[in-house]
Structure formats: structure tokens, C-alpha cells
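Reader: I have the sequence and the coordinates open. Please take me through the packing, the sheets and the charged pairs.

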Amino acid sequence: MKIICVGRNYVDHAKELNNDVPDSPMFFMKPDSAILRKGFPFVIPSFTNEVHFETELVIKIDRVGKMIQPQFADRYFSEIGLGIDFTARDVQQELKDKRFPWEKAKAFDGSAFVSDFFPKEKFDLTNLNFKLERNQTIAQEGNTNQMIFDINTLIADCSRYFTLKKGDLIYTGTPAGVAKINSKDILEGFIENEKVFEVKVL
């Protein structure tokens, strides 16, 4: 399986990091070793002093697809989850300044957490609320209606470049509110006010 992540898919998040708003989906990848196993804490790596949380809806692909048309994209997934794209922001900035790729900052071991998955029929995917609480205080709130590129568009555009296969994950982008995590933080994720995960930080 592969993990495809979407950057800058919420206007306010792009602006909070002083980035341009893209005119087409922007992708980067994580290896399968980036998955943080459920029940395990997130351990802040020794090579960074500034890891940020980025809370995102995650789509799990369940059939092979290539050159998918947007109007048919919903046939290629049946479940969604909520995840965190952990980002070593200080490392990312150094890499960006040198015009180097981001993998050291985005694709390290444990940098991709995802909750259990839920049938998409439970939700209105065009108007779906989600949030992250840190230590019982709301840190991020988002709604799919704020996405620059909707889920079907993301799937279709991904499939132009990468053959999508069963089990692939698409992280659909994060809303504003990303921030540095600290040791002993407790991160809790919610879809429509239903708690779907808890991650402890070491």
C-alpha cells in the first residue's frame, strides 16, 4: 500500500504557513513504514525540535483504478477515517529553503496515524465536520466544504499519476490550526463529535 498526502487543500492553512494557494492538487508520499500502529504513542524524533500535528480525513481505496473520472471516483472507496500527518516543521523549512524534497520532514517512521475506518454512507462527505482536541482543548476544526479540491477531484487527479490499489490511503489535507506538539500531550480526534482516536505523545 502507499500513502498519498494532499498539501495545502484548505485556504486558511496555506495562509497560516505563508504558502501560495495551489491551483491544482499538490501531492506528496509517505512509505508504509510511516504508519503509527494503533495503541502506540507518538515518539518525538531526535532529529527535530518542532513536530506539528495536521489532522485530516483519510480515504481508503478499495479497488484498482487508473485515469478515474471525477464523477466515478466515489466507486473507488467505501470507508473513511481520521488521521494525523505528523510534520517535522523545522526540518521541512530547512529543506524548503534549500529547494530539497520534504521526505525527511514528512515521511519518517510513525509520521502517519489513522483511526479505524467507517462506512462512508454514515456521512455527508460534502459537509462533514471533524476536529482535533489537544489536552481536551480544541486545536483544529474543519469541514469538507472548506476543501479547495473535493474528495472526488483528489481521487481522480491522483489516478492520473499513480495507479490506485486496494488499501492505498489518501490524506485529504488539513485545516488551519496546526501547532507544535509537546511530550505528554494527548491528542483526540472527532468526526461529527464522535471520538474516533486518542494518541499520546512521548
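Reader: Which elements are included in what covers the buried residues of helix 2?
Author: This is a predicted model. Helix 2 covers residues 89-97, and its buried residues are Arg89, Asp90, Val91, Gln92 and Leu95. The cover over these residues includes strand 3, strand 6 and helix 3 (103-106).

Reader: Which residue follows helix 2, and what is its phi?
Author: Helix 2 ends and a residue with a positive phi comes next. That residue is Arg99, with phi near 60°.

Reader: In the open sheet of three strands, which strands stand at the edges?
Author: The three strands are ordered 6-3-12, with antiparallel pairing. Each edge strand has a single partner strand, so one side of it is left without a neighbour in the sheet. The edges are strand 6 (87-88) and strand 12.

Reader: What is the bridge partner of Val51 in strand 6?
Author: Strand 3 (residues 51-53) and strand 6 run antiparallel and are joined by two bridges. Across from Val51, the partner in strand 6 is Ala88.

Reader: In the open sheet of four strands, which strands stand at the edges?
Author: Here the order is 10-9-13-14, and the pairing is antiparallel. The edge strands have a single partner strand each, so each has one side without a neighbour in the sheet. From one strand to the next, the twist averages 20°. The strands at the edges are strand 10 and strand 14 (194-200).

Reader: Which residue in the turn of the hairpin formed by strand 9 and strand 10 has a positive phi?
Author: Strand 9 pairs with strand 10 (residues 137-143) in the antiparallel sense, over six bridges. Within this pairing, Glu133 is opposite Ile138. Two residues lie between the strands of the hairpin, and the turn residue with a positive phi, about 55°, is Asn135.

Reader: Which residue of strand 13 is the bridge partner of Arg134?
Author: Strand 9 also pairs with strand 13, antiparallel and over five bridges. In that pairing Arg134 has as its partner Leu187.

Reader: What is the bridge partner of Glu188 in strand 14?
Author: Strand 13 and strand 14 are antiparallel and pair over six bridges. The partner of Glu188 in strand 14 is Glu198.

Reader: Which residues have the most contacts inside the largest nonpolar core?
Author: The largest nonpolar core has 45 residues. Another core, of 11 residues, lies apart from it and has among its members Ile3, Ala34, Val114 and Phe117. In the largest core, the residues with the most contacts are Phe42, Phe86, Ile155 and Leu187.

Reader: How many residues apart are Lys2 and Asp168?
Author: Lys2 and Asp168 form a salt bridge, with their closest N and O atoms 2.6 Å apart. Lys2 belongs to the segment before strand 1 (3-7), whereas Asp168 is in the loop between helix 4 (151-161) and strand 11 (169-171). The pair links distant parts of the chain, at a separation of 166 residues.

Reader: Are Lys2 and Asp168 buried or exposed?
Author: The cut-off for a buried residue is under 20% relative accessible area. Lys2 has 19%, so it falls under that limit. Asp168 has 1% relative accessibility, and therefore both residues count as buried.

Reader: With which residue does Arg134 meet in a salt bridge?
Author: Arg134 lies in strand 9 (residues 129-134), and its partner is 51 residues apart from it, in the loop between strand 12 (179-180) and strand 13 (186-191). That partner is buried, at 6% relative accessibility. The N to O distance is 3.4 Å, and the residue is Asp185.

Reader: Why are Asp157 and Arg160 separated by about one helical turn?
Author: Asp157 and Arg160 form a salt bridge, with the closest N and O atoms 3.3 Å apart. Asp157 is buried at 13% relative accessible area, whereas Arg160 is partly exposed at 48%. They are about one helical turn apart because their spacing in helix 4 is three residues.

Reader: Which residues are joined into one network by salt bridges that share partners?
Author: A search of the whole structure gives 11 salt bridges. Shared partners join some residues into one network: Lys30, Glu54, Asp85, Arg89 and Lys106.

How values were computed:
Residues numbered from 1 in each chain as written. Predicted model: local features only at pLDDT ≥ 70, side-chain atom pairs only at ≥ 80, totals over all residues. Heavy atoms only, no water. Salt bridge = Lys/Arg side-chain N within 4 Å of Asp/Glu carboxyl O. Buried < 20%, exposed > 50% of the residue type's maximum accessible area, 1.4 Å probe, protein only. Pairing = 2+ DSSP bridges. Core = buried A, V, L, I, M, F, W, Y, C linked by side-chain atoms within 4.5 Å. Axes fitted to C-alpha atoms, helices over the stretch in contact; angles between N-to-C directions. Contact = heavy atoms within 4.5 Å.
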